[in-house]
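Visitor: Please give me a close look at a single part of this model, and state the cut-off behind each term as you go.

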Amino acid sequence: MKIVIIDYGAGNIQSIQYALNRMGFKAVLSKDPEEIRQADRVIFPGVGEASSAMQKLKETALDQLIPQLTQPVLGICLGMQLMGKYTQEGDTKGLGIFDVAFKAFPPQLKSPQIGWNTIFNLQSALFQNIPENAFTYLVHSFYAPVNPQSIAQTNYGKNYATAFKNKNFYGVQFHPEKSGKVGEQILSNFLNLKIQ
């Protein structure tokens, strides 16, 4: 199985590569469109600020490529946010894969949310063998409201969507590579998804 992690200069992508290595999988870091197209699984990570990350995607035309991919694609944290249609962070237009706009947490909540929190209302094969209210690790200041494409929720002040699915595209707000055995199981589930 060929796993490609999209390398577009946004944040610490090595931690995902290390997590997959621990699980016995080899992943390639690449921004080469042809290599990404030929992958069996694509992981789209991201840590940092949305508008500058989107600019990096545009400089390499990855903003055009990613929505056209047909294999399973997993967006993580900022990667998932960039897969939405819009985020308030930097007033940034996203890739439009998920029909959702990301908003800043209200001022009464400590932001960013950093640390462990539970996921629930799990509704996808991505969460096979994951119990309701399992803990995952999060670091983020922007959130997405629950909508028909959401497949998991977290509560921080109120319930919000912490994972999405649209066709072959999946996105998680939390960091599976930092979420212990739960995160490893989610990554394993992603790698074992049946192609529809």
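Guide: What follows starts at the annotated active site and then moves out to the strands and helices around it. The model is predicted, so local features need pLDDT of at least 70 and side-chain atom pairs count only at pLDDT 80 or more, while totals for chains, interfaces and linings use all residues. Residues are numbered from 1 along each chain as its sequence is written, and side-chain values use heavy atoms, with hydrogens and water left out.

The UniProt annotation "active site", which comes from an unreviewed entry, covers Cys77, His175 and Glu177; such annotations may be inferred rather than shown by experiment. These residues are spread over 101 residues of sequence, yet they cluster in space, with a largest C-alpha distance of 11.1 Å. Of the annotated residues, His175 and Glu177 are included in the lining of the largest cavity (grid points 1 Å apart where a 1.4 Å probe fits but cannot get out, lined by residues with an atom within 4 Å of a point).

Cys77 lies in the loop between strand S4 and helix H5, residues 78–82 (DSSP runs numbered from the N terminus, at least four residues of H or I for a helix and at least two of E for a strand). With a relative accessible area of 6%, Cys77 is buried (buried being under 20%, exposed over 50% and partly exposed in between, for a 1.4 Å probe and protein chains only). Although Cys77 is not a glycine, its phi is positive, at about 55 degrees, whereas most residues other than glycine have a negative phi. Leaving aside neighbours within four places in sequence, Cys77 is in contact (heavy atoms within 4.5 Å) with Gly46, Val139, Val172, Gln173, Phe174 and His175; one of the annotated residues, His175, is thus among the contacts of Cys77.

Glu177 is found in the loop between S13 and helix H6, and Glu177 is also buried, at 9% relative accessible area. The side chain of Glu177 makes a polar contact of 2.9 Å with the side chain of His175 (a pair of N or O atoms within 3.5 Å, one able to donate a hydrogen and the other to accept it, where residues adjacent in sequence count only if both atoms are side-chain atoms). Not counting residues up to four places away in sequence, Glu177 touches Ser15, Ile16, Ala19, Arg22, Ile76 and Leu187.

The two strands that lead into these loops pair with each other: S4 and S13 run parallel over four bridges (pairing requires at least two DSSP bridges), and Leu74 stands opposite Tyr170 in S13. From S13, residues 169–172, Phe169 and Gly171 point one way and Tyr170 and Val172 the other, and all are buried. Four bridges also join S13 to strand S12, residues 158–166, in the antiparallel sense, where Lys165 stands opposite Tyr170.

These strands belong to an open sheet of seven, with mixed pairing and the order S2-S1-S3-S4-S13-S12-S11. Strands S2 and S11 stand at the edges with a single partner strand each, so one side of each is left without a neighbour in the sheet. From one strand to the next the twist averages 25 degrees.

Helix H1, residues 14–22, packs on the sheet and touches S1, S2, S3 and S4, its direction making about 165 degrees with that of S2 (axes are lines fitted to C-alpha atoms, for helices over the stretch in contact, and angles run from 0 to 180 degrees between N-to-C directions). Helix H6, residues 180–191, likewise packs on the sheet, touching S1, S3 and S4, with its direction at about 135 degrees to that of S3.

Terms used
1 Å grid on protein atoms, 1.4 Å probe; cavity = no way out; pocket = protein on both sides within 12 Å on 5 of 7 lines; lining within 4 Å.
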